[in-house]
Amino acid sequence: MENLSRRGNNWVYLFSVVSDNLGSSLVTFVLPLIVLDLTGSGIHLSIISSFETLPFLLLGLPFGAIVDRCDVRKVLIRSDAIRFGGYALLAAVLSARSNATVTLIAIYLVTLVIGCTNVFSSVSEITFISYFVSKSDYSKMNSIVYGIQYTAGLLIPLAGGALYSVVPMGLLALICAVCFLLSAGPFS
């Protein structure tokens, strides 16, 4: 892939990073709360939190090697498409007010699939920087991306807590889905 270093591309890429991290941070905060509301169980809360982290621990290195052999742009698009679809499906299940067992199984399955997808996306997000900027600007752009990730990780739980108290669960999942749809847009 050619170096795409144009200032406009940097902003498009950063918009994608912001959208991705808004969705990721919101769902990381809200999903355990949804599970706790549905089950009233700290065990289920722990399980869902583990499901969000486990793929990074188990698959980070092998998926990194796979991403190095792929078209990173396509990996980002597909990752966002899978996450959009998963959270749109979850929004439908939550909105349908299915029985708690069906909803919990859907949450667990979506979380595992998306957890694996997040590994591909995270590795690709950083790798993709090299296609946008020169070597001399790589460190600066990398710092901006990590700054966005940490800022989202700090601020979104605050917003998520406020939203969770007033917005239906299905709508929160749909908001996350839309974030991933917006994240994929610049790469399509």
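**Exercise 1.** In this predicted model, is tyrosine 108 buried or exposed?

*Solution.* Start with the relative accessibility of tyrosine 108, which is 14%. Next, recall the cut-off: buried means under 20%. So tyrosine 108 counts as buried.

**Exercise 2.** What kind of aromatic pair do phenylalanine 51 and tyrosine 108 form?

*Solution.* Let's go step by step. A ring pair is described by the distance of the centres and the angle of the planes. Here the centres lie 5.2 Å apart and the planes sit at 65 degrees. Planes over 60 degrees apart count as edge-to-face, so that's what this pair is. Now find the two rings along the chain: phenylalanine 51 belongs to helix 2 (residues 42-67) and tyrosine 108 to helix 4 (residues 100-127). With these positions 57 residues apart, the pair links distant parts of the chain.

**Exercise 3.** Tyrosine 146 and tyrosine 150 form an aromatic pair too; what type is it?

*Solution.* Centre to centre you get 6.3 Å, and the planes are 25 degrees apart. Under 30 degrees counts as stacked, so this pair is stacked. Both tyrosine 146 and tyrosine 150 are in helix 5 (residues 135-166); being four residues apart, they're separated by about one helical turn. As for accessibility, tyrosine 146 has 33% and counts as partly exposed, while tyrosine 150 has 62% and counts as exposed.

**Exercise 4.** Which elements give two or more residues to the lining of the largest cavity?

*Solution.* First, the cavity itself: its volume is about 50 Å³. Then check the lining residues, among them Val27, Leu90 and Met169. The elements you're after are helix 1 (7-39), helix 3 (72-96) and helix 6 (169-184). Sorted by class, the lining has ten nonpolar, no polar and no charged residues.

Key:
Residues are numbered from 1 along each chain as its sequence is written. This is a predicted model: local features need pLDDT of at least 70, side-chain atom pairs count only at pLDDT 80 or more; totals for chains, interfaces and linings use all residues. Side-chain values use heavy atoms; hydrogens and water are left out. On a 1 Å grid over the protein atoms alone, a cavity is a set of points where a 1.4 Å probe fits but cannot get out, and a pocket is an open set with protein on both sides within 12 Å along at least five of seven lines; lining residues have an atom within 4 Å of a point. Grid points are joined across faces, edges and corners, and a volume is the space filled by probe spheres set on the points. Ala, Val, Leu, Ile, Met, Phe, Trp, Tyr, Cys and Pro count as nonpolar, Asp, Glu, Lys and Arg as charged, and the others, Gly among them, as polar. Rings of Phe, Tyr and Trp (its six-membered ring) pair if their centres lie within 6.5 Å; planes under 30 degrees apart count as stacked, over 60 as edge-to-face and the rest as tilted. Buried means under 20% relative accessible area, exposed over 50%, partly exposed in between (1.4 Å probe, protein chains only).
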